[in-house]
Amino acid sequence: MHVEFRGQHCRHDDPRFPGAWTPNIDTLALLQAILSVHDAEPVLRGRCLEVGCGNGFVAQVLASAAPAVEEMHLMDVNPVSIASASDRLPSARGFRFHTGAAQQLMPTLGHFDLVVCNPPYVPHTSRLDTNEYEGVELI
């Protein structure tokens with residue numbers, strides 16, 4: 001399956017990165033909401049952070065929509081997601097990748113002008129399925 005949003009493309013279930021989350025309908029709704037706000041008053045600028053980046057599609061779309069983004073940091077506890085995101089996105093464009101929990105990493109990374117998170121995918125201790133990175137509640 002293939003997803004396209006504002007000219008950015010993403011393939012679902014890349015066999016090179018099993019377990020890396022790919023965009024779903026709620027991801028597209030989140031992007032539409034952020035970009036609607038940004039179109040009215042630019043909020044995507046400077047240093048931005050996506051917590052729980054999955055395969056990096058959200059960061060890709062946001063950075064492509066906002067040339068004023070100097071650095072786009074992507075963070076995920078799933079190392080496969082970080083591998084997938086870093087494979088998709090050029091570090092020369094200002095993308096930076098971090099593997100680990102937001103609670104430990106964020107204090108070491110300094111100030112961000114915008115932090116984005118798609119909460120349904122934030123991990124938690126009690127799971128409803130077998131994917132250790134699935135989340136159904138915000139921590």
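Select Leu44 first and display the residues around it: leaving out residues up to four places away in sequence, Leu44 touches Leu35, His38, Leu62, Ala66, Ala68, Val69 and Leu114. Contact here means heavy atoms within 4.5 Å. The model on the screen is predicted, with local features requiring pLDDT of at least 70 and side-chain atom pairs counted only at pLDDT 80 or more, while totals for chains, interfaces and linings use all residues. Residues are numbered from 1 along each chain as its sequence is written, and side-chain values use heavy atoms, with hydrogens and water left out.

**The largest core**

Keep Leu44 selected and add Leu62, Met72 and Leu74. Of the 26 residues in the largest nonpolar core, these four, Leu44, Leu62, Met72 and Leu74, touch the most other members. A nonpolar core is a set of buried Ala, Val, Leu, Ile, Met, Phe, Trp, Tyr and Cys residues joined through side-chain atoms within 4.5 Å. Buried means under 20% relative accessible area, exposed means over 50%, and partly exposed lies in between (1.4 Å probe, protein chains only). Two or more residues of this core come from each of α1 (25-40), α2 (57-65), β4, α3 (79-88) and β6. The largest share, six residues, is that of α2. A second, separate core has seven residues, including Met75, Ala102, Leu109 and Phe112. In soluble globular proteins, nonpolar side chains tend to be buried together.

**The whole chain**

Now switch to a cartoon view. The protein chain has four helices and six strands, in the order β-β-α-β-α-β-α-β-α-β along the sequence. Helices (H or I, at least four residues) and strands (E, at least two) are DSSP runs, numbered from the N terminus. Of the 139 residues in the chain, 46% are buried.

**Strand β4 and its partners**

Select β4 (69-76). Six of its eight residues are buried, so this strand is mostly covered. β4 pairs with β3 in the parallel sense over six bridges, and with β5 in the parallel sense over five bridges; two strands pair if DSSP finds at least two bridges between them. On the β3 side, Leu49 stands opposite His73 of β4. On the β5 side, Phe97 is the bridge partner of Leu74. Next, trace the chain from β3 through α2 to β4: this β-α-β crossover is right-handed. The term applies if, with the strands pointing away from the viewer, the path from the first strand over the helix to the second runs clockwise.

**Helix α4**

Select residues 102-109, which form helix α4, and find the buried Ala102, Leu105 and Leu109. Seen down the axis of α4, the buried residues fall within an arc of 80°, so they line one face of the helix. The arc is that of the directions from the helix axis to the C-beta atoms. These buried residues pack against β3 (46-51), β4 (69-76) and β5 (95-99). Rotate to the other side of α4, where Gln103, Gln104, Pro107 and Thr108 are exposed. After α4 comes Gly110, with a positive phi near 85°.

**Asn118**

Finally, select Asn118, in the segment after β6 (114-117). Asn118 is buried, with a relative accessible area of 11%. Leaving aside neighbours within four places in sequence, Asn118 is in contact with Asp26, Thr27, Leu30 and Val51. The side chains of Asn118 and Thr27 are joined by a polar contact of 3.1 Å. A polar contact is a pair of N or O atoms within 3.5 Å; within protein, one must be able to donate a hydrogen and the other to accept it, and residues adjacent in sequence count only if both atoms are side-chain atoms.
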